[in-house]
Amino acid sequence: MGISGLATKGRHAADEGVLDALEAEAIHVLREVAGAFRRPVMLYSIGKDSSVLLHLAIKAFAPGRMPFPVLHVDTGWKFREMIAFRDDTAKRLGLDLRVHTNPDPATPFTHGTHEYTRIKKTVTLRRALDESGFDAAIGGARRDEERSRAKERIFSLREPGHRWEPRSQRPEFWWSANTELSEGQTMRVFPLSNWTELDVWRYIKREDIPVVPLYFAAPRPVVERSGSLIMVDDERYPLKPGEQPQLRQVRFRTLGCYPLTAGVESQARNVDEVIDEMRLDRRSERAGRLIDGEGGTSMESKKSEGVLLMVSVLRVIACGSVDDGKSTLIGRLLAKTGGATDDELDYATRTRRGGSTIPSGEVDYSLLTDGLEAEHEQGITIDVAYRFLDLPSGRRVIIADAPGHEQYTRNMAVAASTADLAVLLIDATKGVREQTHRHLAICALMGVRAVIAVVNKLDGVGYDRAVFDKLANEVQEAASGLDVAASVIPASALSGDNVVEPSPNLPWYDGPTLLDALANWQPTGELDRAEDYRLPVQYVIRADDFRGFAGTVVGSSVRPGDAVAVAGSSVTSKIDRVLGPGGVELDRADPGTPVTLTLTHDVDVRRGDLLTTPETLGNGLAPATACSATLVWTAEEPLRHGRSYLLLAGSRTVPAVVTSVRGRLEVLSGKQLAARTLGLNDIGTVELTTDTPICLDSYQACRDTGSFLLVDRVTKETVAAGMVRYALRRGRNIVPHAYTVDRDTRQQLKGQRAKVLWLTGLPGAGKSTIADALERKLHAMGLHTYVLDGDNVRSGLNKDLGFTPEARAENVRRVAEVSRILLDAGLIVIVALVSPFRTDRAVAKGLFQPGDFAEVWVNTPADVCASRDPKGLYAKAKAGTLPNMTGMGQAYEPPEHPDLVVDGAGSLDDVTDELCTLVGGV
């Protein structure tokens, strides 16, 4: 075999590696959706992407059935071949197909393309999702389709009304997904996010997936409209006087409503010919969609209306301080290597944002990655944009263009969490800045051990070697202190020096260009690879006489016959079968492979469990209720001691409390500074405890099982990304004892049902007065009670606490725990506590079973509270001697959905009667 033959074979192997990696990622996402959401659905547009997505879903859950229905929104104007293909596919595969239509008579001709699309697609889809109560919709969108798509999350949150808000998207760290939803929120999920159109066709060929014949060239009746070839699919299409459709050899790259879908003249009659044609076609796929021909942000405006690393895939984060030139550098790389289409380049040539210095007629390369309207307006990168670069060797480079502005550091951390390599830009005219150090520190923290530092804008200093050498030494010294290997390349992204080709302006430099460095980079060794396998269980697959545990292998390889243990229990077994995608029997599954394991014994395994070897559990990976971790704080509201958050580790969710902050990282010096809390973009070391034991590796041993998210229990927002340093075994030998005399027994003895009444309101609202009167009335009725009053508790149990938000959270936590003990004693517990923050009250309520806890808002006007001022607090606050006074120096957050609202300024007898009814109605 000659050199060209070897190159072709190597390219084919690399292509297969890319497809394997993309398949594994998509299956991982699909299983997570099935396990995490109450009622998911797959959106089925009948196009090639939907066909691939459907095929992946079938493979993900084999030998079981796909565990969610398929939804198609039929506008009445789809190609007839599409509808026939849809019905045949549903019958052939036995799909649970739901077809939703809108009877509105709107047409593309009577209402215009945009209004028609809104009525027949957007509104109809929303109704279909709402009527069926679907909380997650799986779609086939890809990031390469359009610039704003490049910033779409895989798990993309939709606000009430199905609105997409770019700035409220949750950070996606590692392969963890925050799937928690608040009322009215839903999720759109895009498993094909990192696929390209060419990947889709290669996969269709490899897997022999049927697609609608419209994708292949054939003689078809068309008319020309504004340079586009529109197929006349039925008699409804309005022809001009005297116009006759002509037979032309056309095919369609994208499918939809036939009056809005343009064909392309083509000779590609099968999959192989389509792939060959695509390698030469420089137009984007969406150029054939008439609805999208409005400019770079059309997709964003429509949406606003409404791990797995393989050798062939290199994940790169481009980072550095704001205005260091990341977007321009990536844009030039894409343009010069075929990663940008002709229409994208045309857009970047025609479009100019405010303040641009790019001469007219030249390409503004930064526009190829800055996809959000706000970025165009401000000239900065706000969110992470993912773009794809295919190198001649077949290696796929996924480049994450990370924001440089400090305000959006959390988005940069998202990109670093899955990166293998960092490209760190430094502006030669400004030097190494604080944000440069911050990004370098975050890369090191996230496990990125190799950095290519690009000293950019050397044209601005006359290509001075002394400037380059000084900055190179500075960044290499900083990287060395973080145990990161750094190479340094001189460049000018704007002028093109040393990006793709060597530059005559740099005669003193004989190293690689940036493109050469990316093409030749190889990891120095096995990173983040545990000695034994782990399988975080995402989903339990069931079929006739079959029960298997689905997840993605991490750590090391797994084989049939390997010993297996369920973390957190003493149950052991052996692996009987290892099934890959599609239920294919495997002799071995390497890390990154989605598998389904069956065991030789009938073992109770559930979603969220961790399967590994008995030796691993015996050598340190034992369940623990406490750990030391490093947090990257991503929320605007600071960390609060004592507040309960949700800890999401893989598919496991447990309540957790940060018990102490050990220090905050000072990025310039690398030193740990003393800290009491963490704010937005802070990096700190903390200790936290969980309500139930959980198995976590150290992050250094295994990223996948050593990382976690912290989520606010009320807003459901991701507040931090965590990396485990080590487990704390403080509670390892603590085993709760079950006593014979339990709560039911105590309640029977007292002749009552225990309950907690939590009275919250402003200082002076009358909580203590109401609690006293209520207890006297209940006592007279022969009921057993106890009052936990805020000031009384702070005189003893909580005398060590102050009045900062963190201290208030701990105050509420302790009172809630005591209330739970008194409830177990069979008592009616009356809590009179300001408890100003909704989250703290929600966490307190979360400790109890439904019906055991009632939140009562003592709603007294602020002026009435101030006029009463029974303890002189308002007077002190006005005098400036009580800065943390609730309602004055600190806000009070009224309950949004209290169990009862009482008037603190009304009749005391009426209020206590209402509360007695609440107690007696349990």
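Buried, in this tour, means under 20% relative accessible area. Keep that cut-off in mind as you move through this predicted model, and have your selection box ready.

**Stop 1: strand β31**

Select residues 755-760, which make up strand β31; six of its six residues are buried. Now show the side chains. Lys755, Leu757 and Leu759 point one way, Val756, Trp758 and Thr760 point the other way, and both sets are buried. That pattern is a familiar one: in a regular strand the side chains alternate between the two faces of the sheet.

Next, add the neighbours of β31. Strand β33, residues 828-832, runs parallel to β31 and is joined to it by five bridges. To find your place in this pair, look for Leu759, which stands opposite Ala832. Then select residues 853-859, strand β34, which is also parallel to β31 and is linked to it by five bridges. Here the pair to look for is Trp758 and Glu855, which stand opposite each other.

**Stop 2: helix α5**

Move to residues 197-207. Nine of the eleven residues of this helix, α5, are buried, so the helix is largely enclosed by the rest of the structure. The buried residues include Leu198, Val200, Trp201 and Ile204, but also Glu197, Asp199, Arg202 and Glu207.

Pick out Arg202 in α5. Its relative accessibility is 9%, so Arg202 counts as buried. Draw a distance from its C-alpha to that of Asp272: the two are 8.7 Å apart in space, yet 70 residues apart in sequence. Just past the end of the helix, stop at Asp208, whose phi is positive, at about 55°.

**Stop 3: Trp201 and the cores**

Stay in α5 and centre the view on Trp201. Which residues does Trp201 touch, leaving aside those up to four places away in sequence? They are Lys48, Val211, Tyr215, Phe216, Val271, Val274, Ile275 and Met278.

Trp201 also belongs to the largest nonpolar core, a set of 168 residues, where Met42, Trp201, Ile317 and Met446 have the most contacts. Select residues 3-36 to see helix α1, which gives the most to this core, with ten residues. A separate core of 28 residues lies apart from it; select Ile770, Ala854, Val858 and Leu915 to see some of its members. As background, in soluble globular proteins, nonpolar side chains tend to be buried together.

**Stop 4: the second largest cavity**

Turn on cavity display if your viewer has it. The second largest cavity has a volume of about 240 Å³. Among the 20 residues that line the second largest cavity, Arg143, Ile154, Glu172, Trp174 and Trp175 are the closest to its centre, so select them to find the spot. Helix α1 appears again here: α1 and α11 (409-417) are the elements that give two or more residues to this lining, and α1 gives the most, with three. By type, the lining of the second largest cavity holds nine nonpolar, five polar and six charged residues.

**Stop 5: a hairpin**

Select residues 563-566 and 572-579. These are strands β20 and β21, which run antiparallel and are joined by three bridges. Ala565 is the residue to highlight in β20, with Thr572 opposite it in β21. The two strands form a hairpin with five residues between them, and Gly568 in the turn has a positive phi of about 95°.

Now add residues 610-612. This is strand β23, antiparallel to β20 and joined to it by two bridges. Val566 has Leu611 of β23 as its bridge partner.

**Stop 6: backbone exceptions**

Most residues other than glycine have a negative phi, and most peptide bonds are trans. A few places to look at with that in mind:

- Ala62 to Pro63: this peptide bond is cis, with omega near 5°. Pro63 lies in the loop between α2 (48-61) and β2 (70-74).
- His162: although not a glycine, His162 has a positive phi of about 65°. Look for His162 in the loop between β5 (155-158) and β6 (186-189). With 3% relative accessibility, His162 counts as buried.
- Asp869: phi is positive here too, near 35°. Asp869 is in the loop between α21 (862-868) and α22 (873-879). Its relative accessibility is 18%, so Asp869 counts as buried.

Notes
Residues are numbered from 1 along each chain as its sequence is written. This is a predicted model: local features need pLDDT of at least 70, side-chain atom pairs count only at pLDDT 80 or more; totals for chains, interfaces and linings use all residues. Side-chain values use heavy atoms; hydrogens and water are left out. Two strands pair if DSSP finds at least two bridges between them. Helices (H or I, at least four residues) and strands (E, at least two) are DSSP runs, numbered from the N terminus. Buried means under 20% relative accessible area, exposed over 50%, partly exposed in between (1.4 Å probe, protein chains only). A nonpolar core is a set of buried Ala, Val, Leu, Ile, Met, Phe, Trp, Tyr and Cys residues joined through side-chain atoms within 4.5 Å. Contact means heavy atoms within 4.5 Å. On a 1 Å grid over the protein atoms alone, a cavity is a set of points where a 1.4 Å probe fits but cannot get out, and a pocket is an open set with protein on both sides within 12 Å along at least five of seven lines; lining residues have an atom within 4 Å of a point. Grid points are joined across faces, edges and corners, and a volume is the space filled by probe spheres set on the points. Ala, Val, Leu, Ile, Met, Phe, Trp, Tyr, Cys and Pro count as nonpolar, Asp, Glu, Lys and Arg as charged, and the others, Gly among them, as polar.
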